[in-house]
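Reader: Hi! I'm new to this one and would love a friendly tour. Could you put it up so we can look together?

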Amino acid sequence: MSSELLKIEDVRMYFEFRVGLFKTIPVKAVDGVNLEISRGETLALVGESGCGKTTLGRLSLRLLKPTHGRIVFDGLDITDKEEKELKWFRRRAQAVFQDPYSSINPFMTVKEILEEPLILHQVGDTEERLEMIIKALTDVKLTPVEEFVGKYPHMLSGGQRQRVGIARALILRPEYIVADEPVSMIDASSRAEILYLLKELQEKYKISFLYITHDIATARHFSDKVAVMYLGKIVELAEARELVREPLHPYTKALIEAVPEPDPSNRLKERKVIPGEPPSPVNPPAGCRFHPRCPYRFEPCDKNEPELKEVKADHHVSCYLY
Ligand code: SF4
């Protein structure tokens, strides 16, 4: 069995953007991405909002059909499969969304929320399903279970709702989970707990994770590899510790410098901000897409686009400096 679970090959997603009454132009939300996720591995996809990371996550789940390229899951090409041919995949790949409140039905109890995917995929009888629900709630530490099964989402805190979202994603024992900004909408006090829980469950069940975040500090902590995305392209890809210890791309360096200083004695130290606004994907700059914001730009940067290439063992970057 190959260690590779998901392979994304030259995937592009172009949307039509209407300008005026009759004209549309393509918006390159994702533009030629290659990525691989091994079994039991967590890959973090990091970048500012609007860079295409959520679209890439949705493509990897085949919630969107790419304009170009291939998506291969466990050796099977799922790029062009119709929904009825994807039922096996839907069981093996799940998502944890940013907003736990909008991703779970407010009129269903916790038990009903967790039972729904089991019924949909015809898993077990009533008694077996109840056992699975108890196990899933115990896994996400919503205990004592009897206290939670009958509750509705509005009776839970944001952190507890996200735990229900995680339990729902886990209940079918998937091999692949996309966690899209799973802690950005919950209390700061519960964020670390939820991330540690995800990591614990990932290790326990050997799940492959795509962890989508704007926060490179948590990406370093909770991932094996980090891919940095800028305007629809991967600009740097490396093992998580290596990438944070020795970032190469000027954009990655800027993201790391923008991380707030954790030492309370440095409270007054100014947090660096990345200069300029991210340019619009409607009209991306020519050459290197980061060049209007890059302090190191030089002669070729605004003419041709640099390719993503391996400049050190397992460390890829797309920048003319290397
Ligand atoms: Fe900066 Fe040029 Fe590298 Fe782009 S290619 S990141 S503009 S130095």
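Author: Happy to! Let's begin with an open sheet of four strands, in the order 2-1-4-5 with antiparallel pairing. Two strands pair if DSSP finds at least two bridges between them. Helices (H or I, at least four residues) and strands (E, at least two) are DSSP runs, numbered from the N terminus.

Reader: Which strands stand at the edges?

Author: Strand 2 (23-38) and strand 5 (76-77); each has a single partner strand, so one side of each is left without a neighbour in the sheet.

Reader: And what packs on the sheet?

Author: Helix 1 (residues 53-60) does, touching strand 1, strand 2 and strand 4. Contact here means heavy atoms within 4.5 Å. The direction of helix 1 makes about 125° with that of strand 1. Axes are lines fitted to C-alpha atoms, for helices over the stretch in contact, and angles run from 0 to 180 degrees between N-to-C directions.

Reader: How many bridges join strand 1 and strand 4?

Author: Five, with strand 1 (residues 4-19) and strand 4 (residues 68-73) pairing in the antiparallel sense. For one spot to find on screen, I8 has I71 in strand 4 as its bridge partner.

Reader: Before we go on, where does the model come from?

Author: It is a predicted model: local features need pLDDT of at least 70, side-chain atom pairs count only at pLDDT 80 or more, and totals for chains, interfaces and linings use all residues. Residues are numbered from 1 along each chain as its sequence is written, and side-chain values use heavy atoms, with hydrogens and water left out.

Reader: Thanks! New topic: how many salt bridges are there in the whole structure?

Author: A search finds 29. A salt bridge is a side-chain nitrogen of Lys or Arg within 4 Å of a carboxyl oxygen of Asp or Glu.

Reader: Which one links distant parts of the chain?

Author: One such pair is R289 and D31, whose side chains meet at 2.6 Å, N to O. R289 sits in the loop between helix 11 and strand 11, while D31 is in strand 2, 258 residues apart.

Reader: Are R289 and D31 buried or exposed?

Author: R289 and D31 are both buried. Buried means under 20% relative accessible area, exposed over 50%, and partly exposed in between (1.4 Å probe, protein chains only).

Reader: What about a salt bridge inside a helix?

Author: Try helix 10 (residues 240-245), where R245 and E242 are three residues apart, about one helical turn. Their side chains meet at 3.4 Å, N to O. R245 counts as exposed because its relative accessibility is 62%, whereas E242 is buried at 12%. Elsewhere, salt bridges that share partners join K7, E9, R70 and D77 into one network.

Reader: Nice. Which residues of helix 4 are buried?

Author: In helix 4 (residues 110-120), they are V110, I113, L114, E115, P117 and L118. These buried residues pack against helix 5 (126-139), helix 6 (145-148) and helix 7 (158-170). Just after helix 4, Q122 takes a positive phi of about 50°.

Reader: Last one: which residues form the nonpolar patch on the surface?

Author: Y296, F298, V311, L321 and Y322, with about 430 Å² of accessible area together. Patches are made of residues with over 30% relative accessible area and no salt bridge: like charges are joined within 9 Å, nonpolar side chains (Val, Leu, Ile, Met, Phe, Trp, Tyr) within 5 Å. Accessible areas come from the Shrake-Rupley method with a 1.4 Å probe; for residues, only the protein chains shown count as cover. Y296 lies in the loop between helix 11 (250-257) and strand 11 (309-312), and at 43% relative accessibility Y296 counts as partly exposed.
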